[in-house]
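Visitor: I am new here and would like a close look at a single part. Could you walk me through it slowly?

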Amino acid sequence: MAESSTVNGGSTVEECEDMIRRSLRTPMVKFLKEHLEKSGCRIGDNFIKAIHCDKKVSGGYVRGHGIIVCSNYMNIQDEVNQVVIHELIHAYDDCRAANLDWANCAHHACSEIRAGHLSGDCHYKRELLRGYLKIRGHEQECVRRRVMKSMAGNPYCSESASKDAMEAVWDICYNDTKPFDRAP
């Protein structure tokens with residue numbers, strides 16, 4: 001699940017659906033959708049949906065159902081783009097790893113590491129807007145923080161199991177940049 005960074009009333013489901021449609025035309029989203037399809041995973045027109053969420057999350061990916069974007073936590077186009085990109089990376093991981101088990105803390109941590117690292121979630125400008133001012137080493141620290149926040153929503157993974165899993169898979173998953181040649 002993508003971590004929510006803002007509320008401020010959010011947007012309506014209809015406004016968010018419009019922003020999702022715009023995000024589908026961005027180069028990064030087009031690239032990820034293309035690679036999902038190359039990996040054998042068809043994305044239908046209804047794969048990414050806007051809904052009003054009760055939990056304080058920006059969105060999520062659910063196997064067999066697709067991606068949800070929480071309209072009530074989305075205020076601007078960039079936030080929607082980030083959620084769509086982050087969740088498409090989870091969908092890509094789910095597609096290419098036939099045995100991915102979201103109840104397995106190491107599997108979940110790996111996909112969160114990849115989504116945090118490859119989506120741009122932890123770009124220093126976004127971190128500054130969140131109030132994190134560290135310049136050196138901020139990206140890995142941000143990815144670790146956001147992995148732990150996302151893993152907190154997994155009922156199968158305690159905080160200590162999540163941390164242990166994240167550390168165990170960190171190097172392999174952080175350096176796995178597929179479908180990109182290198183981290184964008």
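Visitor: Is Cys-110 buried or exposed, and why does it count that way?

Guide: Happy to help! This is a predicted model, where local features need pLDDT of at least 70 and side-chain atom pairs count only at pLDDT 80 or more, while totals for chains, interfaces and linings use all residues. Residues are numbered from 1 along each chain as its sequence is written, and side-chain values use heavy atoms, with hydrogens and water left out.

Cys-110 counts as buried because its relative accessibility is 18%; buried means under 20% relative accessible area, exposed over 50%, and partly exposed in between, using a 1.4 Å probe and protein chains only. You will find Cys-110 in helix α4, residues 105-118 (helices are DSSP runs of H or I with at least four residues, and strands are runs of E with at least two, numbered from the N terminus).

Now look at what surrounds this cysteine. Apart from neighbours within four places in sequence, Cys-110 is in contact with Val-169 and Cys-173, contact being heavy atoms within 4.5 Å. Trp-170 is 60 residues away along the chain, yet its C-alpha atom and that of Cys-110 are separated by 7.1 Å.

With Cys-173 there is also a bond: a disulfide joins Cys-110 to Cys-173, S to S 2.0 Å, a disulfide being a pair of cysteine sulfur atoms within 2.5 Å. Cys-173 lies in helix α7 (residues 159-174) and Cys-110 in helix α4, so the pair ties together parts that are 63 residues apart in sequence. The link is left-handed, with -110° about the S-S bond, and both of its cysteines are buried.
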